[in-house]
Amino acid sequence: MQEQYRRPRGTQDVLPEASERLEALRRLTRGVTARYGYGEIQTPVFEQTAVFVDGVGEGTDIVQHERYTFTDAGGVSLTLRPEGTAAVARAYVEHNMATWPQPVRLYYWQPMFRRERPQAGRFRQHTQYGIELVGSEHFSADAEVIAVGVRILAEVGKAPQVLVNSMGDEVCRPRYREALVSYYTDHFEALCEDCQARLRINPLRLLDCKRDVGLKAGAPDIADYWCEACRAHFDGVTALLGAMDVRWTRDSGLVRGLDYYHRTVFEIQDPALGAQSTLIGGGRYDGLANRVGAAGRTPGVGFGAGAERLLLTLPPEYGQNRRPRVFVARVGDGQDAFLCAEQIRRAGLAADVDVMGRSLKAQMKDAARRAAWVVIAGGREWAEGRAPVRDLASGSTEEVALGDLVGYLAERVGADRP
RNA sequence: GUGGAUGUAGCUCAGUUGGUUAGAGCGCCAGGUUGUGGCCCUGGAGGCCGGGGGUUCAAGUCCCCUCAUUCACCCCA
């Protein structure tokens, strides 16, 4: 086959079935989030490039290699949104949300763009659902955010395991970082190529190495370097998780790649996904708002969840509640059928009608694929004020007076009406 | 960006040591039933065998390049 035009690499056409799944998930997240008091925010698909460069951090992969950046006709550098938090922080500052009653609870459901090499569960455009709890420094805010993530997964039938860690703060992180660098510098020769680079660029990520040759075990643990405040914060968060019966484990190697993270970081994974196992990832970002122009200290916690990735872990029937529809089959010229379908729709039910000019037999065949009930319009019975209504599941046909037709169908299609 | 695997009909695949007009199942359309689906039967549409180049009398089959998909690394949702 000759295909001249193809969708860009790593993007997807969301066809009706997938669309329904996505929409079902969106409804679910919206419902859960609303119960926790979060309001939706929608930010532009693109921002001034500086929002992400300053917000996410110059040294991160996201801004270094994965940006979709362009210059518009006015010479302004714009970047397609690669992640949600920096944009929300920008909006928080721009709209003076610091003057709103604190904390401010926001959630978003938006497409994100990163120029990565696609693979299972990783796309160049994906939909991310995320929440941000801005304005509270208290550990219970972290626990609430994690609870929302756990709740979402529980509602789709998962019993999630939460990985938590603390990256420390401006007091203790530098001390730890120093210890880590000195430890790995002593073992420089044993490090893989990537890790030798990490040592310079982002030493904390050394802990992430998957080709570790046993160095990790002897590496200093950040928990031993936490200052009193960070330790208390971590204990507070995990105590609340425990009290909620959330299964959590501390992962001393869990570090997130974005510069704005501070103290709590967490991930919720699903091993079914292979390499891209992180369903939800997030943490606390107390300094972020300042990076994008906030005057005072504006703490915050949040997470992002990949919608398509989450869908990959759900059974195919998720979100596929096929609603019974009514099919109006045509006998004769078709005007009766066409108008009958209109009547049914006006009553709030879903109805299909043949627009192919097919034979009755072909219409029946078609109806069997897309409907649960068939009304035959325009024939002998119709002329006498009745219509045969066939139940495709049982195969039985009943004749219904035209005046009662809509009511008859409404009663049977009932709760399944769209 | 790096490495591996895979590209034949809408889908899943077959195509023998390179050899005439490239096949199957499912799906789709129509007919068998001038007014009735699911089973069955018959017929039909639909392929420059991902693209380009090369070797050969001859290439879906061999070689090179390229593009795409996919898995892993990297990174992340």
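**Figure 1. Arg 386 and its partner across strands S15 and S16 in the predicted model.** Arg 386 stands opposite Ala 401, a residue of S16. Strand S16 covers residues 397-401 and pairs with S15 in the antiparallel sense, over five bridges. Five residues lie between the two strands of this hairpin, and in it Gly 395 adopts a positive phi near 85°.

**Figure 2. Pairing of strands S14 and S15.** Strand S14 comprises residues 373-377 and strand S15 residues 386-391; three bridges join them in the antiparallel sense. One of the residues to follow in this view is Trp 373, whose bridge partner in S15 is Asp 391.

**Figure 3. The open sheet of eight strands.** The strand order is S1-S5-S6-S11-S10-S9-S7-S8, and the pairing is mixed. At the edges are strand S1 (39-40) and strand S8 (248-250), each of which pairs on one side only. Within the sheet, strand S6 (residues 125-134) and strand S11 (residues 300-306) run antiparallel and are joined by seven bridges. Gly 130 stands opposite Gly 304 of S11. Strands of a sheet pair through backbone hydrogen bonds, in either a parallel or an antiparallel sense.

**Figure 4. The nonpolar cores.** The largest nonpolar core has 87 residues, of which Leu 25, Tyr 129, Tyr 184, Phe 266 and Phe 303 touch the most other members. Helix H5 (residues 139-155) provides the largest share of this core, with seven residues. Another core, of 20 residues, lies apart from it; Ala 341, Ala 377, Leu 405 and Tyr 408 are among its members. In soluble globular proteins, nonpolar side chains tend to be buried together.

**Figure 5. A nonpolar patch on the surface.** The patch is formed by Phe 338, Leu 339, Val 355 and Met 356, which together have about 440 Å² of accessible area. Met 356 is found in the loop between strand S13 (351-353) and helix H13 (360-370). This residue counts as exposed because its relative accessibility is 56%, against a cut-off of over 50%.

**Figure 6. Chain A as the setting for the close-up views.** Chain A contains 15 helices and 16 strands. Its radius of gyration is 28 Å, whereas the globule rule gives 22 Å for 418 residues; the chain is therefore more spread out than a compact globule. The C-alpha trace spans about 95 × 55 × 45 Å along its principal axes. Of the 418 residues, 50% count as buried.

Terms used. Residues numbered from 1 in each chain as written. Chains lettered and ligands numbered in written order. Predicted model: local features only at pLDDT ≥ 70, side-chain atom pairs only at ≥ 80, totals over all residues. Heavy atoms only, no water. Patch = residues over 30% accessible without salt bridge, like charges linked within 9 Å, V, L, I, M, F, W, Y side chains within 5 Å. Areas by Shrake-Rupley, 256 points an atom, 1.4 Å probe, with all protein chains shown as cover. Salt bridge = Lys/Arg side-chain N within 4 Å of Asp/Glu carboxyl O. Helix = DSSP H or I, 4+ residues; strand = E, 2+ residues; numbered from the N terminus. Buried < 20%, exposed > 50% of the residue type's maximum accessible area, 1.4 Å probe, protein only. Pairing = 2+ DSSP bridges. Core = buried A, V, L, I, M, F, W, Y, C linked by side-chain atoms within 4.5 Å. Rg over C-alpha atoms; globule rule 2.2 N^0.38 Å.
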